[in-house]
Amino acid sequence: MDIHDYTDLVELDKHSQLHPFTNLSDHQQTGPLVMMRGQGTRLTDHTGKEYLDALAGLWCMNVGYGRTEIAQAVAEQIEQLSYFHSFLAMANQPSIVLADRLLQIAPEPLSRVFFGLSGSDANDTNIKIIWLYNNLLGRPQKKKLIARRGGYHGTTLATCSLSGLPHLYTGFDVPLDIDRFLLVTTPNHYRYAQPGMTELEFSAYLAEELEQLILRQGPETVAAFFAEPVMGASGVLVPPEGYFEAIVPVLRKYEVLFIADEVICGFGRLGSWFGSTHFDLAPDMMTLAKGLTSGYQPMSASLVSQEIWQVLQRAPTPFSHGFTYSSHPASAAAALANLDILESENLIERAQTVGAQLQRRLREEFTDHPLVGEVRGLGMVAGIELVANKSTKESFDPTVAAQVQVYKQMLRRGVVVRPVPNALAISPSLIFTLQEIETLVGALKESLDDVARQLASQGLLS
Ligand code: PLP
């Protein structure tokens, strides 16, 4: 067979692409699932099969697929100025307007915006800015970064090292072998609270753990704490009650910067503009990507506080950091059109009401399911943790990958969710309807029942 036959995309893909987060040898056997069209919340694959996308791409298509307003804005921008760089004080109109609009909706201390292309590079930028900031302040020792086990901040060398998901490290010689990346306990009450501990007590315990770590390392060596307001990739973890109220004073006490990684939470996912807005946080830096353009163009943003900005200006040398595509005008045009849609269609408010229904229905249907340990989430993001034993909370052996079995069943039923370690993640577009929630719930019910039956027959579910 001629593999260069462009009608056989599956075969061609097997011979041409190296896929991210993919079992490479399995892909050589099974090939890809090729998506051809997207409209609203619906996808169509190369065989013509339709899917309801309950993950919004990769937690990013906040306004849904196929928006002509965004397509037109990008096309007009490309016709007017397809590209120019932003090095050496060069600028373009849409990125200037976008930076201003972001600062208008971002929490108070944030005062400057640096544009990149992905959540990973934005967090990399943040790390470099933090190190530069402390160098400029004459604190060259203050460089260590604290994050949480289970946290996800990207896959570059530094952001992977900052992330607390061991499967990201395997075989890649990360975390980087430098004494700058520290992890604390995941704020997961279901898994890590001592029996009988309330959420408030667990939050106090986590704040104490953080303080002890800072004291052990020496506060003069600890620069920053990174946190997703709601953790995504580790199975959608909403912090326990009082978590940020307990953590933030510890950070302030030891002059440890607080970085809110809003790559998933930003732009309405939790029913407010940002996770920081929802939890009433005033971060020193904020990481934005995904919902910034609803995935229509690659773009990320690092927002820095007035205090950091003032210190950066003291640098005797230029800020020698940036990417060819920083402040890309077509991406900025997409982001502006995306913000217009979020505002004109009241999608943030909608995420509150539809999100409340999503949370209610998932809990109603699945809290008591034998395969389900916990149903959790906030607004338009939810996680369903799967367990081998509901009463002991025992997880499945990783080789069982129950979440992948459910994910495959869901695909078969035409609904896209995401398997993450021990859990299923749900994160639909903010235009998801009540009817679509019921379609999702119905497919989940059948899929969880099927997988539970199979696992029970193999003696793997008690
Ligand atoms: N930070 C968080 C919280 C994320 O969820 C992700 C990606 O899912 C990233 C950073 C990395 O973003 P990207 O994949 O755009 O590099």
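Here are legends for several close-up views of this model, which is a predicted one.

**Figure 1. Two tyrosines from separate loops meet as an aromatic pair.**
When two aromatic rings pair up, we describe them by the distance of the centres and the angle of the planes. The structure holds 11 such aromatic pairs. In the one shown here, Tyr 83 and Tyr 325 meet edge-to-face, with 5.9 Å from centre to centre and 80° between the planes. Tyr 83 belongs to the loop between α4 (68-80) and α5 (93-105), while Tyr 325 belongs to the loop between α12 (306-312) and α13 (329-344), so the pair ties together parts that are 242 residues apart in sequence. Tyr 83 is partly exposed, with a relative accessible area of 29%. Tyr 325 is partly exposed as well, at 45%.

**Figure 2. Tyr 243 and Phe 244 form another edge-to-face pair.**
Their ring centres are 5.0 Å apart and the planes make an angle of 75°. Are these two residues buried or exposed? Both Tyr 243 and Phe 244 are buried. They also belong to a cluster: ring pairs link them with Phe 225, Phe 258 and Phe 279.

**Figure 3. Two charged side chains sit over aromatic rings.**
Take Trp 131 to begin with: the charged end of Arg 180 sits over its ring, 4.5 Å from the centre. Now look for Tyr 190, where Lys 393 lies over the face of the ring at 4.4 Å from the ring centre.

**Figure 4. Strand β5 is tucked away between covered faces.**
In a regular strand, the side chains alternate between the two faces of the sheet. You can follow that in β5: Lys 144, Ile 146 and Arg 148 are on one side, Leu 145 and Ala 147 are on the other, and all are buried. That is 5 of the 5 residues of this strand (residues 144-148), so β5 is largely enclosed by the rest of the structure. Which strands does β5 pair with? One is β7 (residues 222-227), in the parallel sense over 3 bridges. Another is β6 (residues 181-184), also in the parallel sense, over 4 bridges. Ile 146 is a handy landmark here: it stands opposite Phe 225 in β7 and opposite Leu 182 in β6. You have already met Phe 225, as part of the ring cluster in Figure 2.

**Figure 5. Strand β15 pairs with β12 and with β14.**
Both faces of β15 (residues 423-426) are covered, with Ala 423 and Ala 425 buried on one side and Leu 424 and Ile 426 buried on the other. Strand β12 (residues 381-386) runs antiparallel to β15, and 4 bridges join the two. Within this pairing, Ile 384 has Leu 424 as its bridge partner. Strand β14 (residues 418-420) pairs with β15 in the antiparallel sense too, this time over 3 bridges. Here Val 420 has Ala 423 as its bridge partner. The hairpin of β14 and β15 has 2 residues between the strands, and in it Asn 422 takes a positive phi near 65°.

**Figure 6. A ring of residues surrounds the ligand.**
Twelve names would crowd the picture, so pick out a few from the record of neighbours: among them are Ser 118, Asn 123, His 153, Glu 228 and Asp 261. Three polar neighbours are worth finding. A backbone N or O atom of Gly 119 lies 2.8 Å from an oxygen atom of the ligand. A polar backbone atom of Tyr 152 is 3.3 Å from a nitrogen atom of the ligand. For Lys 290, it's a polar side-chain atom that lies 3.0 Å from an oxygen atom of the ligand.

**Figure 7. Ser 272 sits in a loop between a strand and a helix.**
The loop in question runs between β8 (257-261) and α11 (275-278). Ser 272 counts as buried, at 12% relative accessibility. Its side chain reaches the backbone oxygen of Phe 274 at 3.1 Å. Leaving out residues up to four places away in sequence, Ser 272 touches Thr 277, His 278 and Ile 348.

**Figure 8. Arg 413 touches residues from elsewhere in the sequence.**
You'll find Arg 413 in the loop between α15 (402-412) and β13 (415-416). It is partly exposed, with a relative accessible area of 25%. The side chain of Arg 413 makes a polar contact with the side chain of Gln 409, at 2.8 Å. Not counting residues up to four places away in sequence, Arg 413 touches Lys 49, Ala 443, Glu 446, Ser 447 and Asp 450. Arg 413 and Glu 446 are 33 residues apart in sequence, and their C-alpha atoms are 9.0 Å apart in space.

Conventions: Residues numbered from 1 in each chain as written. Predicted model: local features only at pLDDT ≥ 70, side-chain atom pairs only at ≥ 80, totals over all residues. Heavy atoms only, no water. Phe/Tyr/Trp six-rings, centres within 6.5 Å; stacked < 30°, edge-to-face > 60°. Buried < 20%, exposed > 50% of the residue type's maximum accessible area, 1.4 Å probe, protein only. Lys NZ or Arg CZ within 6 Å of the ring centre and 35° of its normal. Pairing = 2+ DSSP bridges. Polar contact = N/O pair within 3.5 Å; in protein donor to acceptor, adjacent residues only side chain to side chain. Contact = heavy atoms within 4.5 Å. Near = heavy atom within 4 Å.
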